[in-house]
Amino acid sequence: RAAAGDAALWRRHCLDLWPEDDFASGPPSPGRYGVRVNLLRGCTLCSTRLDRSRRDSARALVLSLGGEWDDSLTTGTTHLVCGA
């Protein structure tokens with residue numbers, strides 16, 4: 001798990017995909033990769049049992065990764081994020 005966040009390991013992967021990247025906008029990371037490839041494109045998420053700050057954070061993350069957020073569970077929802 002620690003290796004997944006290791007910038008040195010992500011640097012090689014990102015450079016393989018985007019050789020011109022100078023990382024001026026931030027270090028290589030799973031999040032940076034997810035944003036670039038629109039990791040959640042085609043996914044519509046909503047949540048249940050998340051407090052407001054966690055829901056807002058989840059919404060922002062989903063949108064940054066190319067997904068859509070729905071405030072209600074509908075037939076278009078593909079993923080449900082549940083709080084404990």
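What follows is a short chat about reading the sheet and the core in this predicted model.

Me: Before we start, what should I know about the model and its numbering?
Reply: It's predicted, so local features need pLDDT of at least 70 and side-chain atom pairs count only at pLDDT 80 or more, while totals for chains, interfaces and linings use all residues. Residues are numbered from 1 along each chain as its sequence is written, and side-chain values use heavy atoms, with hydrogens and water left out.

Me: In what order do the strands of the sheet lie?
Reply: Strands of a sheet pair through backbone hydrogen bonds, either parallel or antiparallel. Strands here are DSSP runs of E, at least two residues, and helices are H or I runs of at least four, numbered from the N terminus; a pair needs at least two DSSP bridges. This open sheet runs S2-S1-S3, with parallel pairing. S2 and S3 sit at the edges with a single partner strand each, so one side of each has no neighbour in the sheet.

Me: Which residues are bridge partners across S1 and S2?
Reply: Thr-44 is bridged to Glu-68, and Leu-45 to Trp-69. On the S3 side, Thr-48 partners Cys-82.

Me: Which residues make up the largest nonpolar core?
Reply: In soluble globular proteins, nonpolar side chains tend to be buried together. A nonpolar core is a set of buried Ala, Val, Leu, Ile, Met, Phe, Trp, Tyr and Cys residues joined through side-chain atoms within 4.5 Å; buried means under 20% relative accessible area, exposed over 50%, partly exposed in between (1.4 Å probe, protein chains only). The largest one has eight residues: Leu-40, Cys-43, Leu-45, Leu-50, Ala-58, Val-62, Leu-65 and Trp-69.
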